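User: Please take a close look at one helix in this structure, then set it beside the sheet and the nonpolar cores. Keep it brisk.

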Amino acid sequence: MKKRLFAAVCMGLAVAACVPAVNAYASTDHYANASTLKSREGWDSWVKDWNSIAKDDTKVSMAPGADETQLNFAWYSKVVSGQKDTPIVLIGTDKSKLKKFTGKVNPVDKTLTGGVSYVSNKVTVTGLKPGTEYYYTVEKNGIQSEVRSYTLSDTADTKILVVGDPQIGASKGQVQGTEQLVAADGVANTAARNDSYNWDRTLTIAASMNKDLDFIISAGDQINKTGKPKEEEYAGFLNANELQYLPLASTIGNHDSLNEDYGDHFNTPNQTGYGETKAGGDYYYSYGDGLFIVLNTNNYNVAEHEKTLQKAIASDPNAQWRIVTIHQDIYGSGLDHSDTDGMILRTQLTPLFDQYNVDVVLQGHDHTYSRSKILYGDGQTHDNYKFQLMPDGSDYDWAHAFDVTTQAQITLEPEESDQSGQKALEKFQNDNKCYTIESTQGDTVTNPKGTLYMTANSASGSKYYELISAQQDYIAKRSQNWLPSYSVIDMTKDHFAITTYQITEDNQVVPIDDTFTINKTNQ
């Protein structure tokens, strides 16, 4: 994202050879190098298969529906002259008696698919019953796909896998063997080849350790190319085996935000029309005892996000837990984001989450792991901030924060000699000390007043950032071991517990934080 001088430090865990860089991106020279992992035979097979995987733009995505009785599907199919579109999902408990659900199609922008005409198929399945195994198939140009299974568990105890920033293709520039990974188009995108292999590996290992997962939450940046064609990155992302039977609740990250392709590949429920960028906007869904609200914080209009919160809560006012997912980590601990652009919406969202009694906020963006203390607002008046697009609309102007209150532009990395710039940055950072740390003890809290913020590290290991040098006072635990990681949420009516793990180079799963539990005695 932004540029900084840094000195690379090798830790020797699942990383490529260190190549010192000057004026390089703040991502480190550590990444998950698929060619050095214990499962080398699987990597060799993957390299051979990549030629066909990268060319398949028709991978199916499955997402939670409006509640646990529904399931949403999306996929591309080619436009064939004289052939009718078939947005059809067949699903049932008996493979020989599948019920048909028909949806809608929308054209896909051909400039994003190499000039090939596709439609995006979207179908919602309804009437699902907890404790039931289903079989499903989708139709692509009238041809049914392989039959897959999906099990809707008993929702009294919900288990969720949380992942951050797979960012397929972000390992570009890293060294693999004698070559440097590149983010070219199609099959030539060797960075996407590496990262999608590791993404699949993480999900496979996480699912094998947690047999009763209900769905997956991704905190954003599914892919890497910003504002450009990237079908091979989506193909690699959606090819992961576990995504064939586990719904994925995706979040729009800054790398997803500036094209319509995100909205074509994912069928998210209860889209509010608020918080929109080209990729889409805010949405929400209910599952078990939780109300899940997903905000597109690449749109800095917090008044619209508040409308989403209001609409979501009105749909399920008695939900025991209110969980928000955003991409930018307003309370994180990474070097690249947490003291600059990551906290850009902190002064606005903190009091909003207080007002609407949000229990937990799941975040990404920082490519490091952190867990906050329980936080709530300080009750003071603060300025509001946002980012603006570059004049050509190709990306956000990450070098400058815009003070909505004063109309001032703040340089986030001013030169040391720029005294006025340094003063403005210091004011921005001090203004963002807009929180209060709730007094709690240990790793279990009961009926807290404030909100827990968790920032997920990269699930694929495609890119890592350093931790900021001094741990912030609002952070309870943080970690950067240059290894792919994931978190598991266990949620019942009485408790919400989250545990985070990392995967070593030899496929061992190791906790990197104690389980943190929130108990509720009030209904």
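Analyst: Helix 3, residues 231-238, is largely enclosed by the rest of the structure, because 8 of its 8 residues are buried. Buried here means under 20% relative accessible area. The model is predicted. The buried residues of helix 3 include three glutamates in a row, Glu 231, Glu 232 and Glu 233. Tyr 234, Ala 235, Gly 236, Phe 237 and Leu 238 complete the list.

Now the sheet. It is open and built from 4 strands, in the order 3-4-8-7, with antiparallel pairing. Strand 3 (61-64) and strand 7 (104-107) stand at the edges; each has a single partner strand, so one side of each lacks a neighbour in the sheet. On average, neighbouring strands of this sheet are turned by 25° against each other, direction ignored. Strand 7 runs antiparallel to strand 8 (residues 118-125), and 4 bridges join the two. Pro 107 takes part: its bridge partner in strand 8 is Val 119.

Next, the cores. In soluble globular proteins, nonpolar side chains tend to be buried together. The largest nonpolar core here has 43 residues. Phe 73, Tyr 150, Ile 217, Phe 292 and Leu 362 have the most contacts inside it. Take Leu 362. Beyond its neighbours within four places in sequence, Leu 362 is in contact with Val 162, Ile 217, Met 454, Ile 489 and Ile 498, among others. Its contacts also include the run Ile 323, Val 324, Thr 325 and Ile 326. A second, separate core has 39 residues, among them Leu 291, Leu 309, Ala 312 and Val 358.

Conventions: Residues are numbered from 1 along each chain as its sequence is written. This is a predicted model: local features need pLDDT of at least 70, side-chain atom pairs count only at pLDDT 80 or more; totals for chains, interfaces and linings use all residues. Side-chain values use heavy atoms; hydrogens and water are left out. Buried means under 20% relative accessible area, exposed over 50%, partly exposed in between (1.4 Å probe, protein chains only). Two strands pair if DSSP finds at least two bridges between them. Axes are lines fitted to C-alpha atoms, for helices over the stretch in contact, and angles run from 0 to 180 degrees between N-to-C directions. A nonpolar core is a set of buried Ala, Val, Leu, Ile, Met, Phe, Trp, Tyr and Cys residues joined through side-chain atoms within 4.5 Å. Contact means heavy atoms within 4.5 Å.
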